Amino acid sequence: MSPYHIFRTLRIVAGFFVVGCLVAPLLYAVWLSFSPDSFLTPPERDWSVRWYQAFATDSRWSMALSRSLMVGLACAVLSVLAGAMLAYGMERYLFRGKGTLGILVLLPMCIPPAVLGMGLLPLFYAVGLWGSLLGLVLGHAMMCLPIVFLIVRSKLRQMNPDHEMAARGLGATPSQVVGRIIIPLWGSALVVGAAAAFAVSFNESMVTLFLATPTTETLPAMIWPQLRYSPSPLVAVASVISVIIALGVASGLGGIVKLVGAKSRNKPG
Amino acid sequence: MNPRPYLLAGPAATLLIGLLVCPLLLVIRVSFYQPANGRGFFTPGTWTLANHSALMDAHGLGLVGYTIAFGTMIAVVVVMVSFPLALFLRSLHSSLLRFAIAGITLPKFASVLVILFGLQQLLGDTGPVNRMLLTWGIVSDPLRMMRGLFGALIGEVFLILPYAVILLFVQVLEMDPILESSARGLGASRWQVFRRITLPLSMPGLFLAGQLGLVWGMGAFLGPLLLGSPENTTLSVEIQRQAFEYGRWPRSAALSVQLILAIGICLAALTFLHNKVSGRPLGGDR
């Protein structure tokens with residue numbers, strides 16, 4: 001073997017070692033979730049699903065799960081609507097305040113979540129959103145806005161604006177342009193944005209913690225005290241279930257992208 | 001005036017102003033209130049500088065210093081690890097690449113809490129990593145990796161790294177591979193190619209990854225809280241502690257203002273550094 005081959009093999013081994021390290025905590029949490037007893041030792045011979053049963057039978061956990069799902073889906077819809085409209089307006093029009101808005105929309109990424117939670121709690125308390133799921137949805141949608149905006153904008157930049165102009169010139173109404181041009185051509189970016197927003201909201205724990213009340217207890221808010229004070233395999237189970245749901249929703253949305261893509265390819269033109 | 005762009009931008013602008021600008025202004029105002037006596041978050045109608053001046057003592061300054069140092073360390077580690085990893089990804093062929101990308105993005109579908117839980121268990125005093133090191137005789141006592149700076153650092157790096165790798169991977173993919181191979185053909189060594197071609201062309205991405213690491217590292221909360229030591233913490237942890245454990249909302253708000261200021265100053269310093277090094281302003285001609 002020449003030195004170059006050795007170098008290349010070493011590089012592949014080292015690279016996959018790092019990738020392996022990145023996945024290791026998640027895989028270890030999955031392994032722990034099958035523990036037969038309440039100690040946090042991974043099962044070697046006797047795997048057990050007793051913690052899964054405990055999760056399924058406790059109504060607090062299932063309530064938290066359904067709340068997380070609802071908040072995640074609502075946040076995805078809201079942030080995609082607002083983010084896509086903003087991206088379209090910013091890309092296709094010149095208007096006053098555009099520059100300020102361009103900075104403002106990226107700001108949620110730069111503000112530490114602790115500060116956001118710190119500001120949102122008294123605000124929600126004052127306007128009566130405290131302790132409601134709507135507050136959580138709005139907060140998450142604001143946090144997801146930059147992600148959706150960036151995804152849709154990069155798609156818009158690849159697209160030819162002449163398609164819309166041509167359709168308008170040929171007599172299409174604005175709603176026809178949206179239905180026949182924008183949705184088929186940009187649908188994939190909207191769905192990717194929605195999947196990202198769902199994953200962020202579903203797993204978001206910081207703002208959720210600041211705003212948590214017993215009536216808005218979502219999955220991260222349930223995991224949190226357990227993790228901090230008495231880690232048990234139940235935490236691992238909750239984690240595994242949330243990963244599976246996030247992956248399921250994302251791949252389901254990915255399936256829609258493929259379907260939309262296949263459909264728009266089959267159309268003439 | 002065409003109303004259409006305003007209608008398009010309306011919902012997003014409403015969300016941003018209502019849930020980002022207003023809370024931030026509120027935080028600034030709260031930081032000047034006197035603490036609550038009894039009910040509520042603060043005493044309405046009061047103005048005081050006590051919350052801000054209370055942070056100017058040695059403890060407060062230490063907190064700010066630790067936060068800045070923590071963010072800087074995160075930025076350095078994230079860039080140092082993600083850049084080679086992005087170059088490694090570029091060298092892979094399709095099936096291996098898909099496998100590696102899946103491995104890097106998978107943790108991002110899990111809650112941050114899960115990743116930190118896994119790390120806590122893996123690297124704990126009786127965790128598998130320490131057991132392995134003990135059996136192999138590499139160490140005689142378990143390495144204390146959790147409940148300290150190392151734990152906080154590694155936790156945050158695990159959370160930020162996937163984003164930085166993907167960002168840099170996109171950046172190095174945009175590079176024309178002809179440039180590197182022709183430099184090789186003209187007799188440049190591997191190191192020279194890296195130093196003169198790959199590194200300068202990746203600079204915008206590296207800078208962005210550094211920015212990301214700095215901002216998110218300085219705002220870090222969960223890593224330092226769950227895996228770090230209780231004595232040395234970042235401002236974010238102290239914000240939560242002051243607000244929820246001591247109920248000192250104005251103090252917590254003052255800390256928030258300081259954190260935002262510190263982040264802004266550090267970002268400006270990084271941009272200045274970038275412009276100095278590259279000799280041209282950021283976002284100029286590309």
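Here is a short chat about salt bridges, burial and surface charge in a predicted model.

User: Let's start with E217(A) and R60(A). What makes this pair a salt bridge?

Analyst: The closest N and O atoms are 3.1 Å apart. The cut-off is a Lys or Arg side-chain nitrogen within 4 Å of an Asp or Glu carboxyl oxygen, so E217(A) and R60(A) form a salt bridge. E217(A) sits in the loop between α9 (206-211) and α10 (219-229) of chain A, while R60(A) is in helix α3 (residues 59-92), 157 residues apart.

User: And why is R60(A) called partly exposed?

Analyst: Its relative accessibility is 48%. Buried means under 20% and exposed means over 50%, with partly exposed in between, so R60(A) counts as partly exposed.

User: Moving to chain B, how do you know that R90(B) and E180(B) form a salt bridge?

Analyst: Their closest N and O atoms are 3.1 Å apart, and the limit is 4 Å. R90(B) lies in helix α3 (residues 58-90) and E180(B) in helix α8 (residues 177-185), so the pair ties together parts that are 90 residues apart in sequence.

User: Which of these two residues is buried, and why?

Analyst: E180(B) is, because its relative accessible area is 13% and buried means under 20%. R90(B), at 27% relative accessibility, counts as partly exposed.

User: What about R241(B) and E238(B): what separates them along helix α11?

Analyst: About one helical turn, because they are three residues apart in helix α11 (residues 235-245) of chain B. Their side chains meet in a salt bridge at 3.5 Å, N to O. R241(B) has 18% relative accessibility and counts as buried; E238(B) is buried too, with a relative accessible area of 6%.

User: How many salt bridges does the structure hold over all chains?

Analyst: Three.

User: Now the surface. What makes R190(B) eligible for a charged patch?

Analyst: Patch residues need over 30% relative accessible area and no salt bridge. R190(B) has 47%, which makes it partly exposed, so it clears the area cut-off. R190(B) is found in helix α9 (residues 190-218) of chain B, and it gathers with R8(A), R11(A) and R184(B) in a patch of positive charge.

User: One last residue: what stands out about the phi of R147(B)?

Analyst: Phi is near 55°, a positive value in a residue other than glycine. R147(B) lies in the loop between α6 (128-135) and α7 (149-174) of chain B. At 38% relative accessibility, R147(B) counts as partly exposed.

Note on methods: Residues numbered from 1 in each chain as written. Chains lettered and ligands numbered in written order. Predicted model: local features only at pLDDT ≥ 70, side-chain atom pairs only at ≥ 80, totals over all residues. Heavy atoms only, no water. Patch = residues over 30% accessible without salt bridge, like charges linked within 9 Å, V, L, I, M, F, W, Y side chains within 5 Å. Areas by Shrake-Rupley, 256 points an atom, 1.4 Å probe, with all protein chains shown as cover. Lys, Arg positive; Asp, Glu negative; His and termini not counted. Charge placed at Lys NZ, Arg CZ, Asp CG, Glu CD. Helix = DSSP H or I, 4+ residues; strand = E, 2+ residues; numbered from the N terminus. Buried < 20%, exposed > 50% of the residue type's maximum accessible area, 1.4 Å probe, protein only.
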